[in-house]
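The following exercises concern a single protein chain. Each task is followed by a solution that proceeds step by step.

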Amino acid sequence: MTEKFILPEKMQKFAKPTRGKERVQSCILVIAGLFIGFVNGLFGAGGGMLAVPLLTIVAGLNMKQAHATAILVILPLCAVSSVVYLSNGIGDKSVFAPTILGVVIGGIIGAFALKKCSNIFLQILFYGVMMLAGLKMIF
């Protein structure tokens, strides 16, 4: 069951993006993807925090779809960044195994929890965490 609003049948033709709009949307997503990749490569993380709002605003995804899609996008990006970091001798290999164990277990638990959360709850939680992280960085 999705929480998306369904337009009446007579109005759906107006809601469908035109070919020109789809091209503009794709261009925006590519440009934003370049920026997200740069941020993720530079800081080693943070791309998902940028990808989720982008996917909800530009692509029109609901919060669950945006979070799941962001993970699908960020996973290969993190793998590529990791290879670059390791090949350049950046990072501490001694903490890799315990950290990856926790991340994998936490990721599985979080993915199952995502399925049970409402889009509104996810939106409040996600933006609340972003605001707290921003405040912590300022102070």
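**Exercise 1. Locate V52 and describe its surroundings.**

Solution. The model is a predicted one.

Step 1. V52 belongs to helix 3.

Step 2. Its relative accessibility is 2%, and because buried means under 20%, V52 counts as buried.

Step 3. Beyond its neighbours within four places in sequence, V52 is in contact with M63, A66, H67, A70 and F126.

Step 4. For one of these partners, H67, the backbone separation can be stated: the C-alpha atoms of V52 and H67 are 5.9 Å apart, although their positions lie 15 residues apart along the chain when counted as a sequence separation.

**Exercise 2. Determine whether H67 is buried or exposed, and list what it touches.**

Solution.

Step 1. H67 is part of helix 4.

Step 2. With a relative accessible area of 16%, H67 falls under the 20% limit and is therefore buried.

Step 3. Leaving out residues up to four places away in sequence, H67 touches V52, L114 and F126. F126 also appears in the contact list of V52.

**Exercise 3. Identify the residues with the most contacts inside the largest nonpolar core, and the helices that supply it.**

Solution.

Step 1. The largest nonpolar core has 14 residues, and I36, V52, M63, A70 and L122 touch the most other members.

Step 2. At least two residues of this core come from each of helix 2 (19–43), helix 3 (47–57), helix 4 (63–87) and helix 6 (119–138).

Step 3. I36 illustrates the contacts of one such residue: apart from residues up to four places away in sequence, I36 touches G47, L50, A51, L54, I74 and L77.

**Exercise 4. State which residues of helix 3 are buried and what covers them.**

Solution.

Step 1. The buried residues of helix 3 are G47, A51, V52, P53, L54, L55 and T56.

Step 2. Their cover includes helix 2, helix 4 and helix 6.

Step 3. T56, in helix 3, serves as an example. Its relative accessible area is 18%, so T56 is buried under the 20% limit.

Step 4. Setting aside neighbours within four places in sequence, T56 is in contact with L61, N62, M63, A66 and Y127.

**Exercise 5. Find the aromatic pair and classify its geometry.**

Solution.

Step 1. The structure holds 1 aromatic pair. F126 and Y127 form this pair, with 5.1 Å centre to centre and 75° between the planes.

Step 2. Planes over 60 degrees apart count as edge-to-face, so the 75° angle places the pair of F126 and Y127 in that class.

Step 3. F126, at 11% relative accessibility, counts as buried, whereas Y127, at 27%, counts as partly exposed.

**Exercise 6. Describe the nonpolar surface patch and the position of F112 within it.**

Solution.

Step 1. The patch covers about 910 Å² and is made by F96, I100, L101, V103, V104, I105, I108, I109 and F112.

Step 2. F112 is found in helix 5, which spans residues 96–116.

Step 3. At a relative accessible area of 59%, F112 lies over the 50% limit and is therefore exposed.

**Exercise 7. Summarise the chain as a whole: which elements does it contain, and how many residues does it have?**

Solution.

Step 1. The protein chain has 6 helices and 0 strands, and its elements run α-α-α-α-α-α from the N terminus on.

Step 2. Of its 139 residues, 17% count as buried.

Step 3. The chain exposes about 10800 Å², with carbon and sulfur atoms supplying 75% of this area.

Step 4. Among contacts between residues at least 6 apart in sequence, 64% join residues at least 24 apart.

Technical notes. Residues numbered from 1 in each chain as written. Predicted model: local features only at pLDDT ≥ 70, side-chain atom pairs only at ≥ 80, totals over all residues. Heavy atoms only, no water. Core = buried A, V, L, I, M, F, W, Y, C linked by side-chain atoms within 4.5 Å. Buried < 20%, exposed > 50% of the residue type's maximum accessible area, 1.4 Å probe, protein only. Helix = DSSP H or I, 4+ residues; strand = E, 2+ residues; numbered from the N terminus. Contact = heavy atoms within 4.5 Å. Phe/Tyr/Trp six-rings, centres within 6.5 Å; stacked < 30°, edge-to-face > 60°. Patch = residues over 30% accessible without salt bridge, like charges linked within 9 Å, V, L, I, M, F, W, Y side chains within 5 Å. Areas by Shrake-Rupley, 256 points an atom, 1.4 Å probe, with all protein chains shown as cover. Salt bridge = Lys/Arg side-chain N within 4 Å of Asp/Glu carboxyl O.
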